[in-house]
Amino acid sequence: MFFSSKLKMLKKYPRLILALGLLVSACLVYYQYVFGNSIFIFNDIGADTQQQYIMQYNSIVNHIRDGNFSAWDFTNGFGTSMLQLNLFDPSLMILYLSGVVFGPAVMPYLLIYIHIGKIILAGLMCYQFLSCFSFSTGSRLLASYVYAFNGFLIVWGQHYQFSMIMVYLPLFLFLLEKALHRDRFSPSVAILTTCIIIYSYYTGYMTMITGGIYLIFRLFFMENLAWKTRFKRFFINCSSMLLGICMGLFSLLPAFALVNNVSSRLDSNMGIFQRIFSSIAPYPLEYYPTLILRFFSSNLEGIGNADIYMPYRGYTNYYEAPNVFFSVLFVVLAVQYIFYLFHSKESLRQKATQWGLVFLTGAALLLMAGSLIFNGFSSPFSRHTFVLMPLFALLIAKMTDVIFTEKFFHIPGALITVVCSTILYFLCYKRVALTPSVKLNILILWGSALLMILLLFLVSRKKTLSRLTPSALFVLLASITALSVISDSHITARGRSSVVKGDADYFDYLYNSDMESLLNYVKNTDPTFYRLEKTFARASYCMESCAQDYRGIGTYNSTLNKNLIEFTEKIIPNMNLFNFSRTTYRHIAHDDVFATLFGIKYLVTEDGNYSSDAYQLVKQFGSLYLYQNQYAASVGRLYTQTMDQATYEASAPSIDASGLLSQTAITESPGPLSIPADRLSAFTKRNLPDYVSYDSPALSTFLDSDTKAISWSTDVNIPLNPELSGQNAPVTMHFNIHCELPPAITFITNNGKADTSSFELTRLTHSADSNYAVSLTIPADTRYLHCITRYQGVEFTLSGVSFTSQSPAGSLSEDPGIVVNNTTNDSKLTGTIAADRDSLAFFAIPYETGWQASVDGQPAELIRTDYGFSGFYVTAGRHTFTLTYSAPLLKEGILLSGISFLVFLSITWISRKRNPRQL
């Protein structure tokens, strides 16, 4: 009676009960973030949240608060389009509004509550979708509860913007299910499609594919309709989706232009059909063990990097590996479902349809082609697994009812599940579990599987014990499922390197009153366009400029302009932090030529005795010191000579790029100011033999005296002889690294002084025989290089060490010839040019579609300069210029969206007139 009364309450208030259950469970999963001292921002496996996302959110809020409603953002690296950011995620809009009203510092505290809110909404939307079918209330609640904690939402949900699609997708399928039973246009499908597309064209694309497949299966394989009606409804619903896409073109077209014209992600030597044909093949073998284990848990192969408590040792990385965990219950019921299809009394068409879904799901997971199609034919990786989650929820709801009502239970299938889960959990318990909490989670999952199978076996028996009624067994099953789901979800959030509430090193540093006073001082005293950088960082490796609202050059941008990537690779690889997606000034802080060339006019340090030939102290602001570049730092500069890329690349290994670019701009092809190749000899690097003090006693235990290779497993000091350079200029160290793991090394230069940042090298891919060629530019007065490895006990070897110094010919002219005004709109720059003769006007602004130039009111052709930047030719004399940025295809997108919206209103009005009771 007790359990029966509780189930009656479930039937009366199912959504309320579900919401409360999800809230309580989410609070248990994220206990340390709701009730503890941690903030839902990470600096370990989810480092993107601290390093990139929260900084971008700060940038959006700062733009709104400053009234700088531009399509371009100069606080993000050398500059980037604002349309790359998550402007239309409804959950993040709440975050932005809070930041605008209460200040950006409040946003980190709200992230966990927004995340929990999306978990609850995801469960409710799944329940709504399942309500379209004849499942029992209990099975719908159970499947929806599991859906709210599915592996994709829990793992990728930590990246904030990925989780909203788990709310949208079941709602989208619910609206499609309602619409496919009617012979009319569905306004709700069109509107939701627009919301999904503008939220994320990436997940929106995958959702539309899923919607199309759903309509095909439901209309052509599962409904008893006339063929004319099937095609009509399919066409109507596809048209509703297409109209929704068209209404979102104001966001979709600019996004497409950005990815197509700027990002290197779509670059490939193969055409689209070649990629498709080559991907009709299995993944590498190591993918499949990870896929199998991910069905049993999201955490059996670890969750993080090698330097934290639970290192990941699976396929690719913790996030990119297939996220298919849908509770242990799903594994048990999925095996039962396969056997049920053989024994079911359903019609042949129903069975064939379900087998078709099984094989389609298998293809999406087992073949590279499946993920390639869902990922826009760019590359095969497993971010598309979220589209399977509603299907998994359907399976749980169906099989729960089958077992409880039809009393079906396949004992051999259950034994197979017991044996397989026992073997897998035991192996992972011995191989991966490194902490008591992880071991306990594995035991909970394994014990849950056994108890679930036992309970389902008892349910299937015709006669059960009097006290073990089906209602009681269902409650026990739901309780065990909740325990296993909460346990596994908690592991993804437990023991993380997260920001602490009220942490002075984060909040007092990032939202610093001294920094605010400093920036206000510069803003009020300098009317020109300038860049400012720091020699230190704590809150983010390279994006603090977004939060603190100043123009720097550091960024973490996963869709970084491919021209900028080429610039760093060809000219100054030292700017890269870990990989090309991250660039930082601190790695080139000692190179005054590049700092000046980039327009870095001001430098902020925590050292009042900062040693630099270029920068002099201006003023102290509390703990911060403001320095000004004594050279003519300007984002714009005139060149009277150029060199084409082919000529430069032919001699690049021996050329000092810093010296060359101080005198010469590099263009894609020869131009009117091109100089002959023999002029390059003036910029040849000088070799510095014996720059390492190999005879130092401190190096003897790490040195192979025959090969001069240096090996260490923790750290080592490499003594240098800076006097050999003969000049006060940076020195470049060239070497190879060999190691058993992907290299993760910190090189501390300048004798370990706090005012000079370390250089951090990380490679994400690795093979056992790999040698990594590295060039590291260090300050001229460096007397030793301190090398520290992240992997303690793993041996690293440096070999082939050589040194070169910059050429003495490189020095920038005292007058850049260009003055750039500091406008209040990042999308529009104005200024003046004073050219003694015909010149190339170079601007340290990314070469990107959307920028346009005019000189004296007349259009000027922008050309790609120095691989990644913009320029145009000018004649001798004084000129005014304007540089403006308009997001490519934005105007066209707004126009088409407006037209589509008028079409939408017209169709909706006509449909309402024809069917007033049905809309």
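The crossing of helix 5 and helix 6 is right-handed, and I shall open with this pair. A crossing is called left-handed if the near helix is turned anticlockwise from the far one by less than a right angle, and right-handed if clockwise. Before going further, I should state that this is a predicted model, in which local features need pLDDT of at least 70, side-chain atom pairs count only at pLDDT 80 or more, and totals for chains, interfaces and linings use all residues. Residues are numbered from 1 along each chain as its sequence is written, and side-chain values use heavy atoms, with hydrogens and water left out.

Helix 5 covers residues 90-102 and helix 6 covers residues 107-130. Helices here are DSSP runs of H or I with at least four residues, strands are runs of E with at least two, and both are numbered from the N terminus. The axes of helix 5 and helix 6 come within 10 Å and cross at roughly 155°. Such axes are lines fitted to C-alpha atoms, for helices over the stretch in contact, and the angles run from 0 to 180 degrees between N-to-C directions. Helix 5 and helix 6 are therefore roughly antiparallel to each other; the classes are roughly parallel under 35 degrees, roughly antiparallel over 145, roughly perpendicular from 65 to 115, and oblique for the rest.

Which residues meet between these two helices? Ser91, Leu95, Ser98 and Gly99 of helix 5 meet Met107, Leu110, Leu111, Ile114 and Lys118 of helix 6, contact meaning heavy atoms within 4.5 Å. By class, the residues of this contact are five nonpolar, three polar and one charged. For that division, Ala, Val, Leu, Ile, Met, Phe, Trp, Tyr, Cys and Pro count as nonpolar, Asp, Glu, Lys and Arg as charged, and the others, Gly among them, as polar. The spacing within each helix may be read against a general rule. An α-helix has 3.6 residues a turn, so residues three or four places apart point the same way.

Helix 6 itself has 24 residues and reaches 34 Å from its first C-alpha to its last, close to the 34 Å expected at 1.5 Å a residue. The expected span is 1.5 Å times one less than the number of residues. Of the 24 residues of helix 6, 18 are buried, where buried means under 20% relative accessible area, exposed means over 50%, and partly exposed lies in between, with a 1.4 Å probe and protein chains only.

I turn next to helix 10, residues 187-199. Its 13 residues should span 18 Å at 1.5 Å a residue, and its end C-alpha atoms are 18 Å apart, which agrees. Helix 10 is mostly covered, with 10 of its 13 residues buried. Among them are Pro187, Ala190, Thr194 and Tyr199. The buried residues of helix 10 pack against helix 9, helix 11, helix 12, helix 13 and helix 31.

Met247 lies in helix 12 and is buried, with a relative accessible area of 8%. Apart from neighbours within four places in sequence, Met247 contacts Ala190, Ile191, Thr194, Ser897, Ser900, Phe901 and Phe904. Met247 and Phe904 are 657 residues apart along the chain, yet their C-alpha atoms are separated by 8.4 Å.

The third region centres on helix 16, residues 328-343. Its axis and that of helix 21, residues 436-460, come within 9 Å and cross at roughly 45°. These two helices are therefore oblique to each other, and their crossing is right-handed. Val328, Leu329, Val332 and Leu333 in helix 16 meet Leu445, Ala449, Met452, Ile453 and Leu456 in helix 21. This contact has nine nonpolar, no polar and no charged residues.

How do helix 16 and helix 17 cross, and at what angle? The axes of helix 16 and helix 17, residues 348-366, come within 10 Å and cross at roughly 150°. The pair is therefore roughly antiparallel, and the crossing is left-handed. Tyr337, Ile338, Leu341 and Phe342 in helix 16 meet Lys351, Gln354, Trp355 and Val358 in helix 17. That contact divides into six nonpolar, one polar and one charged residue.

Phe409, in the loop between helix 19 and helix 20, is buried, with a relative accessible area of 10%. Its contacts beyond four places in sequence include Gln336, Ile453 and Leu456.

I close with Lys601 in strand 9, residues 600-605. At 16% relative accessibility, Lys601 counts as buried. Leaving aside neighbours within four places, its contacts include Asp526, Arg531, Tyr615 and Gln628.
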